[in-house]
Amino acid sequence: MADGDSPAADIVMYGPRGMGKTVLLNWLKNEAKKSGTVDNPIRTSWTTPDQLASPADMWSCLMSSDWKKNLKPDETKFGFGALSGTWTRKGVSNQALINDLISECKKSPLVFLMDEAHQMESGQCRGLLNVSQTVQNEAPFLLVLAGTPGLAHFLKTVGASFVERSTKMGIARLDAQATADAIVKPLNEHGINIDDSTLAPVVEDSQHYPYFIQLWGAALWDLAKQKDLQKLTSQEIAEAETKVENRRSNFYEQRRATLDDLELLPAAVAIAAVFQDTETTTRDYLKEIIADNLPDDSLATQSVNEHLQTFIRHEFIWNPPDSILFEAGIPSLMKYVLDRQREHVQKVSPASLA
Ligand SMILES: Nc1ncnc2c1ncn2[C@@H]1O[C@H](COP(=O)(O)OP(=O)(O)O)[C@@H](O)[C@H]1O
Ligand SMILES: [Mg+2]
């Protein structure tokens, strides 16, 4: 893009929450800025659907501040479908706005980043995909959408051809080395050390899941600061574990409660049981299990496919790009759901303990 070329395709990143999509988008934004040159500065714009009440808001994010000088969107004249709009004092049609965006991007390529993209409204999303396609044919413009696994399905319903054309990136867990680095490097920068062998149980306990790595990192950091330590030992690991465990149980319990509210807990337990013995399974098998474990009347209102999508939307399971198999969404949520179910069974029928 810094050379004035259009990227070959837009990017869609998706993965369960806590995997690091927002962090990665921020990194991309900074890299894009750095890649610009004096002659060809790269413009970046970051937004989330909740900041976009109307297409005027979307155009505000797309256009440069130069363009917006002296112009005000006429909010009343906007319709979402085609991101059409009128800007007062210029009376601009949708096509004119697109043409203006093309000239803007020829002057300065635009990287447009939309986080939480699964929350977009269909018309708003369709409008954005159309703008992206048209502009990208003429000038350097890159659209990056990031969201939860539900984004893949949502985009298919809005713009199937867009999904086919785009580069899909699954944002999944880190490897063991990256996990260790994520904890050790920031501590080292502040003169705090930890042995590999001391850290090993932490790396394992985090399940290489960025959100849990962050919980561990924060707890260890706080202890090092409190005790003014240059070196962390197994003692601090044990102390930090209590904190991490508390936060993690809260996190799991909230997700379990959501499934309970949706009356999907029995199906969740059945799915969790399957994943005890395997890391991946097929869509058809999951659908069978869901169908067998739904409340009596629920197939009257929603199909098994819709229930499957609900599980994906709530990140219980997901289907990474480049794979036809499903895996667990948030790590160990399944184990938590199963453990709670076992406790529950033991409480209601203590005889089963005998
Ligand atoms: N590559 C990484 N290594 C270590 N920690 C990370 C990494 N990416 C993200 N994190 C941490 O994980 C947490 C979740 O990241 P975030 O970007 O908010 O996830 P998402 O947007 O996918 O929900 C944050 O606390 C972040 O600091
Ligand atoms: Mg995020």
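Reader: What is the strand order in the open sheet of 5 strands?
Author: β2-β5-β6-β1-β7, with parallel pairing. Strands here are DSSP runs of E, at least two residues, and helices are runs of H or I, at least four, numbered from the N terminus. Two strands pair if DSSP finds at least two bridges between them.

Reader: Which strands stand at the edges?
Author: β2 (43-47) and β7 (167-170). Each has a single partner strand, so one side of each lacks a neighbour in the sheet. Neighbouring strands are turned by 15° against each other on average, direction ignored. The axes for that are lines fitted to C-alpha atoms.

Reader: Predicted model, right? Any cut-offs?
Author: It is a predicted model: local features need pLDDT of at least 70, side-chain atom pairs count only at pLDDT 80 or more, and totals for chains, interfaces and linings use all residues. Residues are numbered from 1 along each chain as its sequence is written, with chains lettered from A and ligands numbered from 1 in the order written.

Reader: How many bridges join β1 and β6?
Author: 4, in the parallel sense, between residues 11-14 and 141-147. Y14 has G147 in β6 as its bridge partner.

Reader: New topic. Which residues come nearest ligand 1?
Author: G20, T22, A182, P210 and Q214, out of 13 around it. Near means that the C-beta atom, placed from the backbone, lies within 6 Å.

Reader: Which helix gives the most to that shell?
Author: α10, with 4 residues. α1 (21-35) and α10 (210-227) each supply at least two.

Reader: And which domains feed the shell?
Author: Domain 1 (11-170) and domain 2 (176-256) each give at least three residues. The bounds come from an automatic or database domain assignment. The C-alpha centres of these two domains lie 37 Å apart.

Definitions and conventions
Axes are lines fitted to C-alpha atoms, for helices over the stretch in contact, and angles run from 0 to 180 degrees between N-to-C directions.
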